[in-house]
Amino acid sequence: MMKCMSGLQALCQDKHRKKNGVTKLISFVIVFQSPCKKVRRSNSVLNALISRSHSTQMVSGATTGLCTWNGALTMCEWCLKNRDIFRDCDTVIELGSGVGLLGLFLGKLRVARRLLLTDHSQLVLKQLDQNISLNSEEDEDGYKFDNLCVHKLDWLDEPVLIPWEVLDPENAPEIGGRKQKLIILASDCVFDPELCKSLALVLKELLTNQKGQLWEREAYICSTERNSETMDGFLQNVEEAGITISKIDEEVPSVFLRENICQTLIHKLTTT
């Protein structure tokens, strides 16, 4: 077990199971120190159990979305360290959610009123629903992931079909005269040069569409460094879409136990 700078700790335990010839992994993530004010005031400790099922193969069912990638782990760790970014956050939308580790993790941290997890593959969306169901029982705080919802979002649709009716920005009232936030997250989504332009256009739509004008909007992207040309192409696509992108240079303490820690980049994206 490793301790991160924010005082939070996480432990990842894996149990292998086989079903129909495909190895599945049931993982249990335990987070210490409850974000619930009632528990925090009493100085007690909450064991927040998160279960998920995923494939141990990089490609399964003709998709890469059924396994947990390094970027999702790093994004969880970064969010743990930087929970202040979620202050006044009404809604979080995750792009390319895969099996849902990041969304489930953020659910346990109570970072927003609503979390919308998206992907394009029906197979992945089914697994995502199942993983939310795995965590449907109430925890010690009475939380049971009932503020998570799953929606199909295909970046290749023309025009891209952002589920504004699900996001429902008109019901995001100001708090203390300040706009509430819509935070867009994505991890390990920059890997295919042919998808980079589409991803940039989806980000532009989420960050600039007038339907979301009642929110303060920002995006954070975590990418594993694989191919510099692919990353450079994505950065160019983002700039061409009129999005301001800046690299976040900070050490992210590892709190997950894993065999290999790959180099990752985290960027913040905004519009003026």
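Which residue just after α7 takes a positive phi? In this predicted model, that residue is Gly242, with a phi of about 80 degrees. The helix that precedes Gly242 is a suitable place to begin.

Helix α7 comprises the 13 residues 228-240. At 1.5 Å a residue, a helix of this length should span 18 Å, and the end C-alpha atoms of α7 are indeed 18 Å apart, so expectation and model agree. Within α7, the buried residues are Thr230, Met231, Phe234, Asn237 and Val238. Viewed down the helix axis, these buried residues fall within an arc of 120 degrees, and they therefore line one face of α7. The other side of the helix carries Ser228, Glu229, Asp232, Glu239 and Glu240, which are exposed.

The buried residues of α7 are covered by several elements, including helix α6 (193-208) and the strands β9 (216-224), β10 (244-247) and β11 (264-270). At the start of the helix, Asn227 places a side-chain oxygen within 2.8 Å of the backbone nitrogen of Glu229. Glu229 is itself among the exposed residues of α7.

Strand β9, which takes part in covering α7, also leads to the aromatic residues. The count of aromatic pairs comes to one. The partners are Trp78 and Tyr220, whose rings lie 5.0 Å centre to centre with 40 degrees between their planes, a tilted arrangement. Trp78 belongs to helix α2 (residues 70-81) and Tyr220 to strand β9, so the pair ties together parts that are 142 residues apart in sequence. Both partners lie under the 20% limit for burial: Trp78 is buried because its relative accessible area is 2%, and Tyr220 counts as buried because its value is 3%.

Following the chain onward from α2, one reaches the loop between α2 and β5, where Asp88 is found. Asp88 is not a glycine, yet its phi is positive, at about 60 degrees. A further residue of this kind is Arg110, a residue other than glycine with a positive phi near 55 degrees. Arg110 lies in the loop between α3 and β6 (114-119). With a relative accessible area of 28%, Arg110 is partly exposed, since that class runs from 20% to 50%.

Between these two positions comes Ser97, in the loop that joins β5 (89-95) to α3 (101-108). Is Ser97 buried or exposed? Its relative accessibility is 7%, and Ser97 therefore counts as buried. Once neighbours within four places in sequence are left aside, Ser97 is in contact with Leu117, Thr118, Asp119 and Leu128.

The backbone has another feature in the loop between β7 (148-152) and α5 (164-167), which contains Pro159. The peptide bond joining Glu158 and Pro159 is cis, with omega at about -5 degrees.

The cysteines complete the account. A disulfide is a covalent bond between the sulfur atoms of two cysteines. How many disulfides does the structure hold? The number is zero. Cys149 has a relative accessibility of 24% and therefore counts as partly exposed, whereas Cys196, at 3%, counts as buried.

Methods: Residues numbered from 1 in each chain as written. Predicted model: local features only at pLDDT ≥ 70, side-chain atom pairs only at ≥ 80, totals over all residues. Heavy atoms only, no water. Helix = DSSP H or I, 4+ residues; strand = E, 2+ residues; numbered from the N terminus. Expected span 1.5 Å × (residues − 1). Buried < 20%, exposed > 50% of the residue type's maximum accessible area, 1.4 Å probe, protein only. Arc of directions from axis to C-beta. Contact = heavy atoms within 4.5 Å. Polar contact = N/O pair within 3.5 Å; in protein donor to acceptor, adjacent residues only side chain to side chain. Disulfide = S-S within 2.5 Å. Phe/Tyr/Trp six-rings, centres within 6.5 Å; stacked < 30°, edge-to-face > 60°.
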